[in-house]
Amino acid sequence: MSKLVVTSIGPASSVQDGGRPGSQRYGLTPSGAMDRLSLAAANTLVGNEPFAAAVEIGPFGATFTARGGAVRVGLAGASRNADIGGRPVAFDSSATLADGETLNLGFARGGSFSYLAIEHGIEGEPMFGSLAVNARAGLGSPYPRPLQSGDELKTKAASGAAERRIELPAATDAPIRIVFGPQDDEFAEENKKLFLDSEWKISATSDRMGYRLEGAVIKHRDGHNIVSDGTVNGSIQVPGNGQPIVLMPDRGTSGGYPKIATVITADLGRFAQTSAGRPFRFKAVTMAEAQTEAIKFHALLHSLSDRLRGIDDFGLNIEALRDANVAGQAVSAVDVSTWQVALP
Amino acid sequence: MAEPLSPPRLLPSGDSAITVEFSRTIDDAANRRVLALDRVIAAEPIAGITETVPTYRSLLVHYDPVQITFDALGEQLLARAAKAPPTESGTRRWRIPITYGGEHGIDLEDVAKALQTTPDDIVARHAAGDYRVAMIGFTPGWSYLSGLDKFLHIPRRKEPRLVTPAGTISIGGIQTGVQCLAGPSGWHLLGRTPVRTYQLHRDPTFLLEPGDAVSFTAVDTKTFAEQDRAAEAGAFVAELVTP
């Protein structure tokens, strides 16, 4: 039996998977990964099912130590300085910790959440078919709470398979796409326009339940109290102070503020990765466009294994060396993406 | 003859859910139509629907856009809403024990003062109610009941409490509710029940369903303590009266 011991970890880090939909009619929130594409990529790197349980790591650094045998991991999501016992490791690739070795992860860069998948998965007792942590409801396994140092994630010994990297679609800074509704008629046209024309920032008080937005004040037509109705991931509700809150996977299943719009499925993960304080905008799309994008996103999630590549020493290590700042400016002059594409 | 029913509004909740709205306000007739549509969908499933969530005035229908479009699903939902009979046959009725006042219902006296009556009158009115589970939401097992005596309608507290005890039965606005887990609440706490509307390793995990009828039976604190131990061990404690 191998295990990965959490030797240090920051807040907002927990075991997450595809979540536990199906009981929202009883008030049970689905939870699950904030960024499903990155969860699926991390799992695919080590041969797991895309929505198997993995460690969702918040913005701060973390360290993990292999005990009882080697442990193979896949890293995706917000990139960080990473090394195993001083050996640089790149994001969007797999790596193996020998028994006793420690994986060191720095602060998240260009995002908020990273995903550490463990080959063969994390052992635990599924609740409603999921290991995902929902601290308020006391759900989650192996621990029904965020991870703490000393926690142990049990798994099977590493297979010794060749390491892989994964080529994901290029990151984009494009506006976050929304469809208006379900209660956009609670807002005058000028306020819907203000919502789209404004630059927004995510407040530092955001969490897995909701992201609070800072920016313009969006006024309601007639007051902010509506009768509670159902919520979805990405519901943008506007409370009395006019500062929208975007509901995230640990949201309440019902809410009593008017919801002006909803983030489209294909952009939910990208939105979740938007760092606090970084300016961004919303863009309205039609339902037809949102559904076309949802179908494309679904296809991407289920074809990630086609994007696996062999680890190439040059392709991998250029970025890793630059990240670790071992080789200084000499390496950063190289167009890493071109090199990676050109190599077999 | 029944009046013809107006069709619900179909409101987009993103690309993977539709809010089927029957009313904008808390309305018992609308809630019955919500629950009726929910039953019809359960009886005649539509491919692509992944989950339905009844609330006071609307049914949230989660679906997979890979399997069905907004327009195609909307059409089928309207057809089912048109034929959904808002009648209830075989409604389950639960009798739920509650101990009122004292340490378990710290707002009982204040509520009596605010409504210019005695705590006993508040208890008698609340316990006499014939309630229905209008929706379950917010946190697991938090059951919102319709049917509160108009005399007991009271604005929510100005300052919500960050923590209220598990099993709390409270009133707020025109509603009463049974909460399962400890958590924040802006309602007035009248009492507590030993019943767990949600208990992880029990079958069923969730005791109440939207649409179930509920009445309360006042019990003393000694009975509460005994039933609380039994409930902790997995007993329902709530009595299923019908069917």
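Helices (at least four residues) and strands (at least two) are DSSP runs, numbered from the N terminus. The model shown in these views is predicted.

**View 1. A cis proline lies between two strands of chain B.** The peptide bond that joins B:D203 and B:P204 is cis. Its omega is about 0 degrees. B:P204 sits in the loop between β12 (188–192) and β13 (213–218) of chain B.

**View 2. Chain A has a cis peptide bond at A:G181 and A:P182.** Omega is about 10 degrees here. A:P182 belongs to the loop between β13 (176–180) and α2 (189–197) of chain A.

**View 3. A:H120 has a positive phi without being a glycine.** The angle is about 75 degrees. Look for A:H120 in the loop between β10 (109–118) and β11 (152–155) of chain A. A:H120 has 19 other C-beta atoms within 10 Å. Burial takes 20 or more, so A:H120 counts as partly exposed.

**View 4. B:F138 is a buried residue with a positive phi.** Phi is about 75 degrees, and B:F138 is not a glycine. The residue is in the loop between β6 and β7 of chain B. Around B:F138 there are 23 other C-beta atoms within 10 Å. The cut-off for burial is 20 or more, so B:F138 is buried.

**View 5. Helix α1 of chain B is covered by several elements.** The helix runs over residues 28–43 and has 16 residues. From first C-alpha to last, α1(B) reaches 23 Å. That is close to the 22 Å expected at 1.5 Å a residue. Its buried residues include B:V34, B:L35, B:L37 and B:I41. B:R32, B:R33, B:D38 and B:R39 are also among them. The cover over the buried residues includes the strands β2 (17–21), β3 (49–54) and β4 (58–63) of chain B. It also includes α2 (70–83), β6 (131–136) and β7 (143–146) of chain B.

**View 6. Chain A meets chain B.** Here 32 residues of chain A are in contact with 37 residues of chain B. On the chain A side, β16 (229–230) and α4 (287–301) each supply at least two residues. α4(A) gives the most, with six residues. By class, this side has 14 nonpolar, 15 polar and three charged residues.

**View 7. Chain B holds five helices and 14 strands.** Its C-alpha trace spans about 55 × 40 × 40 Å along the principal axes. The radius of gyration of chain B is 19 Å, which agrees with the value near 18 Å for a compact globule of 243 residues. Of these residues, 49% count as buried.

Notes: Residues are numbered from 1 along each chain as its sequence is written. Chains are lettered from A and ligands numbered from 1 in the order in which they are written. This is a predicted model: local features need pLDDT of at least 70, side-chain atom pairs count only at pLDDT 80 or more; totals for chains, interfaces and linings use all residues. The expected span of a helix is 1.5 Å times one less than its number of residues. A residue is buried if 20 or more other C-beta atoms lie within 10 Å of its own, exposed if 12 or fewer, and partly exposed in between; C-beta atoms are placed from the backbone. Two residues are in contact if their C-beta atoms, placed from the backbone, lie within 7 Å. The radius of gyration is taken over C-alpha atoms; the globule rule is 2.2 Å times the number of residues to the power 0.38. Ala, Val, Leu, Ile, Met, Phe, Trp, Tyr, Cys and Pro count as nonpolar, Asp, Glu, Lys and Arg as charged, and the others, Gly among them, as polar.
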